[in-house]
Amino acid sequence: IGIDVDKVVWYSNYLPYSIEQSEMDYVIVESDDGFTATKIYLLELMMPQIDESHIKRTLMYSKWLNDTLALGTNFVQPILIAGQCYDFINGETDGRKIDSFKKRKTIIEENEAKYGLHPMKIYQYDFSGLSPAFIRKR
């Protein structure tokens, strides 16, 4: 999913978020020189499929991290990982309702623009093989 584990200088799971009184699943900080943060990843995990509240929460957390931990810069990469999700790359809904797909796509795009964020990456996990697979869907 793009994280260079050799550059990770800090990470936390279930990091408290005081505004909403909830937790961020994972925050991972990378550094090219071992001192200065150069990339922050926010990972939200979903079971079984993505929903509107997790989309909004992922983007809201990313905005907050940009404003606080990243000191007003924009280098947080929001990532949502789910067991089932639409293929936003190819526009496929896997037989699910097209209206639901369009609504989620619109929510993502509107919130990315509103908060000025990097495009959210979405992956679908597959644990059926010998090792976990993450298939990029957006």
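## Asking why, residue by residue

Author: Let's start with L71, which is exposed because its relative accessible area is 72%.

Reader: Why is L71 called exposed?

Author: Three words share one scale: buried means under 20% relative accessible area, exposed means over 50%, and partly exposed is in between, using a 1.4 Å probe and protein chains only. L71 has 72%, so it belongs in the exposed class. Before we go on, please note that this is a predicted model, in which local features need pLDDT of at least 70 and side-chain atom pairs count only at pLDDT 80 or more, while totals for chains, interfaces and linings use all residues. Residues are numbered from 1 along each chain as its sequence is written, and side-chain values use heavy atoms, with hydrogens and water left out.

Reader: Where is L71 found?

Author: L71 sits in the loop between helix 1 (52–67) and strand 4 (76–84). Helices (H or I, at least four residues) and strands (E, at least two) are DSSP runs, numbered from the N terminus.

Reader: What is notable about the phi of L71?

Author: The phi of L71 is positive, about 55 degrees, although L71 is not a glycine. Most residues other than glycine have a negative phi, and most peptide bonds are trans. A cis peptide bond is found here too: it joins M47 and P48, with omega at about -10 degrees. P48 belongs to strand 3 (residues 37–49).

Reader: What makes Y125 and F127 an aromatic pair, and how are their rings arranged?

Author: A whole-structure search finds 5 aromatic pairs. In one of them, the rings of Y125 and F127 are 4.9 Å apart, centre to centre, with 20 degrees between the planes. Rings of Phe, Tyr and Trp (its six-membered ring) pair if their centres lie within 6.5 Å; planes under 30 degrees apart count as stacked, over 60 as edge-to-face and the rest as tilted. Set against those limits, Y125 and F127 are a stacked pair. F127 also counts as exposed, because its relative accessibility is 53%. Elsewhere, ring pairs link Y86, F88 and F101 into a cluster.

Reader: How do you know that D32 and K7 form a salt bridge?

Author: A salt bridge needs a side-chain nitrogen of Lys or Arg within 4 Å of a carboxyl oxygen of Asp or Glu. For D32 and K7 the N to O distance is 3.0 Å, which meets that limit. D32 lies in the loop between strand 2 (22–31) and strand 3, and K7 in the segment before strand 1 (8–17), so the pair ties together parts that are 25 residues apart in sequence. D32 is exposed at 54% relative accessibility, and K7 is partly exposed at 30%.

Reader: How many salt bridges does the structure hold?

Author: There are 5 of them. Another is E109 with K105, whose closest N and O atoms are 2.9 Å apart. These two residues are both in helix 2 (residues 98–115), 4 residues apart, or about one turn of the helix. A third joins the side chains of R138 and E112 at 2.7 Å, N to O. R138 lies in the segment after strand 6 (133–136) and E112 in helix 2, so this pair ties together parts that are 26 residues apart in sequence. R138 and E112 are both buried.

Reader: K121 is buried, so what does it have in place of a salt bridge, and what does it touch?

Author: K121 has no salt bridge: the nearest side chain of opposite charge, E30, is 9.5 Å away, and the limit is 4 Å. Here Lys and Arg count as positive and Asp and Glu as negative, while His and the chain ends are not counted. Leaving out residues up to four places away in sequence, K121 is in contact (heavy atoms within 4.5 Å) with I1, Q77, P78, I79, L80, R136 and R138.

Reader: What puts the buried residues of helix 1 on the same side?

Author: Those residues are H54, I55, T58, L59, Y61, S62, L65 and N66. They cover an arc of only 160 degrees around the axis, which puts them on the same side of helix 1. The arc is that of the directions from the helix axis to the C-beta atoms.
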